[in-house]
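Hello,

Here is the structure I promised to pass on to you. My notes on some helix contacts and a pocket follow below it.

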Amino acid sequence: MKRFLVCGLLAGAGALALTTAYAGLQAAPESLLPPGFDDPAPAPSPAPRPTAAPRPVAPGGPAAPGSGSVPVIQPLPVGPAPDAEIALPVELPSLEELEELDPDELDELLGLKPKYDIPPAARRSMERIGIINSAEGGLPVGSLGRQPASIVRAALGGIQRPMVSRWGHIMLRRALASRLETPMGMEPAEFAGMRAAALNAIGEFEISRALAQDVDTGNWGRPLADAAVEAYVATGDIVGACPLVRFQGGLREDAQWEMLRAICNAFSGESARARSDLIRMRRDGDAAAIDVLLAQRYAGAAGRGRSAVNLEWDGVEELTPWRFGLATALGAEIPASLLEDLGPDYLKVAARSAALPLSQRLRGAELAASEGILSSSALIDLYSQFYAEDGTGGIFGPQAVQLREAYVGVDPATRMAAIQSLWGEGSNPDYARLVLTAYAAARIPASDDLADQAGKLIAAMLAAGLDRDAMAWGNVVAEGSEGWALLVLAQPTRSNPVGSAAIDSFAGDDDSEGKRKSAFLIAGLAGLGRLETGTANEYSEALGLELQRTTRWSQLIDRSGELQNQALVAYLAGVGMQGRNWGSMSPRHLFHIVRALNRAGMQAEARMIAAEAVARG
C-alpha cells in the first residue's frame, strides 16, 4: 500500500509544475545599549488590501428587490483556476527514500499531520507567558515588554550554572517563573525557551516543565523543545514529551529523539511498531545498549506485558540524565558503583523525586536546601518522614532524632543542645544545617547566656527569612560581633548609617580567608545605603574592593535598578552570582547586586542576600 501511494505521488508530481518562492530574511544586528538608547524600530510597511471576492450569483440571475432572497454575507470559497500551478516540495525524496519513511514522516512530507491537537478556540494566548502572576507574588507583567531583546537575550543566555546564594536562587526562580510580556523584537516561544533553559541550569526542572507547558506545543521552537525535553527527562515525566514528539516529529533527528518517538508510539497504541524501532536501534548501534533497553522497558509498560526486558548494566561506566531519569521513573535499580560518586546535579534531582526511597532522597536534600531548591520546611518534612518510617536506623537516623529533639525538647537548653549537635564541631557549621534548624532556632528565647551562639542562631533564622525573630536578639549581640553584622544588614529599616568603629571591631576579629566576611559586610552595607559614601570609599581603597570600578555588566544592572525594572535586575543579578561557592563571588559584584535590588524595590531580597554573604563568607 505504501509503494502504491508513493508511485501515485511521483506520477502526479510529473504532471504538475513545481513552483516555490523564497523570501530571504536577514536578521538585524543586535544592540546591547541600555534601555532607551536603541534606535526606534522602523514602522511596518502597510499590508496590501485584499481584493474582494466576487459575489456569487444564483443560477436564475440576480435577485430582484423585495423578492425575499437573502443576500450572501460570507463569500463562498473560490477554487483555483484550471491552469493554476500547485506548489510541491522542492526536494522530493526518491522512491527508495519514500519507502523507508514511516507513516508519521510520510504524513509530515505530504502536509497531512496537523500542527495542533487543540481546537482554535482553546488555544492559549502567547501575549504573556509564565506560571506566577503579580497577584501571586510574581513580578510586574510589563517589566520587560518595552525592553530591547538584545539585553534580555544576553542576560538569560548568561545564566548557565547554579547560584552561590540561596536567596539569589529563590529570587531568580521567581523572576524566571513570573508571567511576563515578551520583550520587543523577541518571539514569545524564544523568550519562554530561554527562561526554561535558565531554570534547568539552576536545577529547577519542575518549574521549567511547567513554564514550557504554558505554551501550546504547536508554537514551540527548537530552543523551547530542547529545554522542555531536558526537564521531562530529569523529572521522569517521559510521556510528557509525547505531544511535542508526535506533532513536531521532524524537529530533531538524534538518537534520544528517536527513542522518545518509539516510547510515545507505544503509549499511542502502536506497541509493535515501537518494539521493532527500538530493536532496530539497538541492532544498528544508534544508541548505547543500556539507553535502548531502558526505553524498551518504559515502552513495554504501555503494552500487555508480553515483552520483558532485562536491564544489562555490565560495562556501563557512567550515568547520564537519560539513564538516571528513566531508571528512576521505572523504579529500576541502578548499580551501587554508579551511585557512589553521584554528582551534585543528580543529587539535587534525586532529592525531589518521590519515586526514590527516602534514604536516597536525603543524600541530596541538604545540598538542594542550601541552594534554595528545597525550603527549610521541605527539608524538615523529609527528615520527619524518615523518622516515621525508619526511626533511628540508617545513617540519617541519628540526625532525625536530634532534629526532633531540637523542635520538641522540653526546655530551651535541651533544644539548644540538639541544635548544636546538628551543627557539629567548629565555628562555621554547614549552611544546610542552618537551613534545617531555622525554625528550631526561632523557638530559642533571646538570652545573654547564649550570646556566644547568637551569631549562628541568627544566621539560621535568616536562612529561612525569619528576620523578625532574628531581631529579638538585637539587645544580646555585642557591637562588632558576627551576630551584630547580620542584624545591621537584615533589619528592615535603619535611619542612621553604621559607624566605622563597629566595622573595625568586626574586621579585627574576622578570621575568614582574606577577611572575606569583612569585605562582604562593607559591600552589603554600601549597597543598602547604610554606609556613608566617604566611609565606603575609604574601606574600598584600604581593602582593595574596587567598589566604584564599572564594567558593562555593572552599568546595565545599575541602570536597571535606577529604572526599578525588577525582572531585568533579577536576570542580571543571576549572571553575577553563578558559581559553586562564595569564593567565586567578589565584593564588588555583591555591592552592585544589592544596590540594584534595593533601588528596584526588592529590599527584602537585597537584605537577605547581603546577610547570607557574611554568614557564608
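Let me begin with one helix pair: α28 and α30 are roughly parallel to each other (angles under 35 degrees count as roughly parallel, over 145 as roughly antiparallel, 65 to 115 as roughly perpendicular and the rest as oblique), because the angle at which they pack is about 20 degrees, with the axes 7 Å apart. Before going on, please note that this is a predicted model, in which local features need pLDDT of at least 70 and side-chain atom pairs count only at pLDDT 80 or more, while totals for chains, interfaces and linings use all residues. Residues are numbered from 1 along each chain as its sequence is written, and side-chain values use heavy atoms, with hydrogens and water left out.

Helix α28 covers residues 552–562 and helix α30 residues 587–599; helices are DSSP runs (H or I, at least four residues), numbered from the N terminus. Axes are lines fitted to C-alpha atoms, for helices over the stretch in contact, and angles run from 0 to 180 degrees between N-to-C directions. On the α28 side, Trp 553, Ser 554, Ile 557, Asp 558, Gly 561 and Glu 562 meet His 589, His 592, Ile 593, Arg 595, Ala 596 and Arg 599 of α30 (contact means heavy atoms within 4.5 Å). By class, that contact of α28 with α30 has four nonpolar, four polar and four charged residues (Ala, Val, Leu, Ile, Met, Phe, Trp, Tyr, Cys and Pro count as nonpolar, Asp, Glu, Lys and Arg as charged, and the others, Gly among them, as polar).

Next, α24 and α25. Their axes come within 10 Å and cross at roughly 135 degrees, which makes α24 oblique to α25. Here Glu 482, Trp 484 and Ala 485 of α24 meet Ala 502, Ile 503 and Phe 506 of α25. The class split for the contact of α24 with α25 is five nonpolar, no polar and one charged.

A third pair is α26 (residues 516–527) with α31, whose axes come within 8 Å and cross at roughly 170 degrees. That makes α26 roughly antiparallel to α31. In this contact, Lys 517, Phe 520, Leu 521 and Gly 524 from α26 meet Ala 610, Ala 613, Val 614, Ala 615 and Arg 616 from α31. Its residues divide into six nonpolar, one polar and two charged.

Finally, the second largest pocket. Its lining has 27 residues, and Ser 427, Asn 428, Lys 456, Glu 482 and Lys 517 lie nearest the centre (on a 1 Å grid over the protein atoms alone, a pocket is an open set of points where a 1.4 Å probe fits, with protein on both sides within 12 Å along at least five of seven lines; lining residues have an atom within 4 Å of a point). Helix α22 gives the most to this lining, with four residues.

Best wishes

Technical notes. Helix = DSSP H or I, 4+ residues; strand = E, 2+ residues; numbered from the N terminus.
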